[in-house]
Amino acid sequence: MDDTLTPDAAALPVLPHPGGDAVLPAPAAWDDPALPRLVLEDPATGLPRAVLPLARGAEVETAIRRARAAIGTGDPLAILARLTGAIEARREDFARAISQDMGSPIDFARSKQVDAACDHLRATLAAARDVPAATEIAPGGHEVAHEPLGVAALITPWNWPLNQVALKVGGALAAGCAMILKPSERSTGAALIFAECMAAAGAPPGLFTVLAGDGETGRLLAAHPGIDIVSFTGSTAVGQRIAAAAGANLVPALLELGGKSANLLFGDCDLPLAVKQGVAHCFRNSGQSCNAASRMLVTRDLYDRAVRLAAAEAAEWQMGPPDRPGPHLGPLVSQAQYDRVQAHIATALAEGARLVAGGPGRAPGLGAGWYPRPTVFADVTPAMRLFHEEVFGPVLAITPFDTEAEAVALANEGGYGLAGYVQTADPARQRRLAARLRVGMVQINGRSRAEGAPFGGVGRSGYGREAGIWGIRAFQSVKSVSGLDPL
Ligand code: NAD
């Protein structure tokens, strides 16, 4: 039995198993008290609510054996086409599971978490249908075949529990791979429903398996020589371990890691709109997004006004329980995450950042759940940890700049390179910034990336791309064939 299972927790219910062979541990073993288990806490109350059985070596072996046997079975694009409908039919189940697991406000879970996943799957299907067939003709008349790598290990975080799964499964499925998903232990509910959706979409046995488990489960999976590619989304520290494990087996790793993305506000932007959108882009999902615009860099001329506007805007954002309808921010996922956010706030204060909204401690009136106060710091300098480190909570850092060159240098500091946001009406500056920001994605004046455009970063934010044709090709190998005689 796992150390995390305290005597009190032994009375907790086991998270419901959706049934079926697509989830391991298998239904028959799910309630077995001999399995290691993890206590899940309710983000809204901080209280234990259920236990999660954890897959170990035996389940990893079973999943890989089944997946290897399933490579090449089924019609991937037909399954993908049916999958979106299957997810939409379970929209409310997904929204409730996500809301309960990670504290996402129920309306946000419905409208953003579920819709984003369906949009990604539709875009992946469109990309798969649009591109030339699996075989292309290269210079010299050679044939180039794009072939599935084989068995894909998909390891996901808790912050967008369906979206991250959909991005990986869409690409891997369209590529022709068999898939083993190890979702975050903090948000397994959505993955269990997803397994049912894959079955409803006609996935043959073994083509898609969910391994319920924790970091140890993920470690066993990623290091197994029966895996042909590891696609990981999560923290930079774990990403480094996964890259080492995949490297030891000489298989590719695709890493979507953390971020500390900068939002650059120039003198010719619509300042009130840019600040409003910028604060929202930092606070949305309670700051628990890898591409959160968590640093706002503002031209000196507009700086004082921008700080005042951001402080006023932050005061508009209320925390609230996940089941309360309407727009608000939900609790953070766990005590560990809450403590981490509090530590960042304390360090920023100790290092001399100027607090203009929120601050340490719990948001008032919400009891014992993991509710921080939406917080804004001004005068944050590169000498401070808040400038460089990912908080993963609703904490915005504002910094002034004097020249465009300084803005670019500040944005590129720190080693992360996921996204860059630019607010300027000058088309020439837009292009200069797009070229000079060392990131995987640049967004100008709040215009979102289209679904199917590549998602991913550089540097400490990882490598590889998800979504659209890039997300499909990531799961394929390229075979060059020369000398074929005409049929
Ligand atoms: P995490 O790295 O702790 O865990 C992610 C997943 O890896 C979980 O499923 C976990 O069980 C598993 N894991 C943990 N240790 C492992 C190991 N040694 N080997 C294999 N698997 C292991 O991350 P998290 O706390 O769940 O998520 C938050 C992080 O994810 C943040 O840093 C955030 O920026 C990042 N993130 C990045 C993106 C992106 O696309 N770039 C998207 C969402 C989240």
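Me: In which loop is Asn159 found?
Reply: This is a predicted model. Asn159 belongs to no helix or strand named here; the element before its loop is strand 6 (151-155) and the element after is helix 6 (163-175). The place asked for is the loop between strand 6 and helix 6.

Me: Is Asn159 buried or exposed?
Reply: The relative accessible area of Asn159 is 4%. Buried means under 20%, so Asn159 counts as buried.

Me: How many Å apart in space are Asn159 and Leu332, C-alpha to C-alpha?
Reply: Along the sequence, 173 residues separate Asn159 from Leu332. In space, the C-alpha to C-alpha distance between Asn159 and Leu332 is 9.5 Å.

Me: Which residue is 91 residues from Gly170 in sequence and 10.0 Å from it in space?
Reply: Gly170 is part of helix 6 and, at 0% relative accessibility, counts as buried. The separation of 91 residues and the C-alpha to C-alpha distance of 10.0 Å both refer to the pair of Gly170 and Ile79. The residue asked for is Ile79.

Me: What distance separates the C-alpha atoms of Val333 and Gln318?
Reply: Val333 sits in the loop between helix 11 (300-316) and helix 12 (335-350), and its 3% relative accessibility makes it buried. Val333 and Gln318 are 15 residues apart along the chain. Their C-alpha atoms are separated by 17 Å.

Me: Which residues are the closest to the ligand?
Reply: The ligand is surrounded by 29 residues. By type, this shell divides into twelve nonpolar, ten polar and seven charged residues. The closest are Lys182, Glu185, Ser235, Leu257 and Glu390.

Me: What is the distance from a polar side-chain atom of Glu390 to an oxygen atom of the ligand?
Reply: Two glutamate side chains and one backbone group can be listed here. An N or O atom in the side chain of Glu185 is 2.6 Å from a ligand oxygen, and a polar backbone atom of Gly215 is 3.4 Å from a ligand oxygen. For the polar side-chain atom of Glu390, the distance to an oxygen atom of the ligand is 2.5 Å.

Me: How much of the ligand's accessible area does the protein cover?
Reply: On its own, the ligand has 850 Å² of accessible area. The part covered by the protein is 90%.

Me: Which elements give two or more residues to the shell around the ligand?
Reply: Two helices and one strand meet this condition. Their residue ranges are 215-222, 229-233 and 236-248. In that order, they are helix 8, strand 9 and helix 9.

Me: Why does the ligand lie between domain 1 and domain 2?
Reply: Domain 1 comprises 7-257 + 466-476, and domain 2 comprises 262-450. The ligand lies between them because residues of the shell come from both domain 1 and domain 2.

Me: At which residue does UniProt place the feature "active site"?
Reply: The annotation comes from an unreviewed UniProt entry. The annotated residue is found in strand 10 (residues 253-256), and it counts as buried at 3% relative accessibility. The residue is Glu256.

Me: Is Leu250 buried or exposed?
Reply: Leu250 is found in the loop between helix 9 and strand 10, and its phi is near 55°, a positive value in a residue other than glycine. Its relative accessibility is 77%. The cut-off for exposed is over 50%, so Leu250 counts as exposed.

Me: What is the phi of Ser286?
Reply: Ser286 lies in the loop between helix 10 (271-283) and strand 12 (295-299). With a relative accessible area of 2%, Ser286 is buried. Its phi is positive, in a residue other than glycine, and is near 55°.

Me: Which peptide bond is cis, with omega near 0°?
Reply: The proline of this bond has its place in the loop between strand 1 (23-24) and helix 1 (27-30). The cis peptide bond runs from Leu24 to Pro25.

Me: Which backbone nitrogen does the side chain of Ser461 reach?
Reply: Ser461 is placed in the loop between strand 17 (441-444) and strand 18 (462-463), and it is buried, with a relative accessible area of 0%. Its side chain comes to 2.9 Å from the backbone nitrogen of Gly417.

Me: By what distance are the C-alpha atoms of Lys479 and His146 separated?
Reply: Lys479 is found in strand 19 (residues 476-481) and counts as partly exposed at 38% relative accessibility. Lys479 and His146 are 333 residues apart along the chain. Their C-alpha atoms are separated by 6.4 Å.

Key. Residues are numbered from 1 along each chain as its sequence is written. This is a predicted model: local features need pLDDT of at least 70, side-chain atom pairs count only at pLDDT 80 or more; totals for chains, interfaces and linings use all residues. Side-chain values use heavy atoms; hydrogens and water are left out. A residue is near a molecule or strand if one of its heavy atoms lies within 4 Å of it. A polar contact is a pair of N or O atoms within 3.5 Å; within protein, one must be able to donate a hydrogen and the other to accept it, and residues adjacent in sequence count only if both atoms are side-chain atoms. Accessible areas come from the Shrake-Rupley method with a 1.4 Å probe; for residues, only the protein chains shown count as cover. Helices (H or I, at least four residues) and strands (E, at least two) are DSSP runs, numbered from the N terminus. Ala, Val, Leu, Ile, Met, Phe, Trp, Tyr, Cys and Pro count as nonpolar, Asp, Glu, Lys and Arg as charged, and the others, Gly among them, as polar. Domain bounds come from an automatic or database domain assignment. UniProt positions are given in the numbering used here, feature names are shortened, and annotations may be inferred rather than shown by experiment. Buried means under 20% relative accessible area, exposed over 50%, partly exposed in between (1.4 Å probe, protein chains only).
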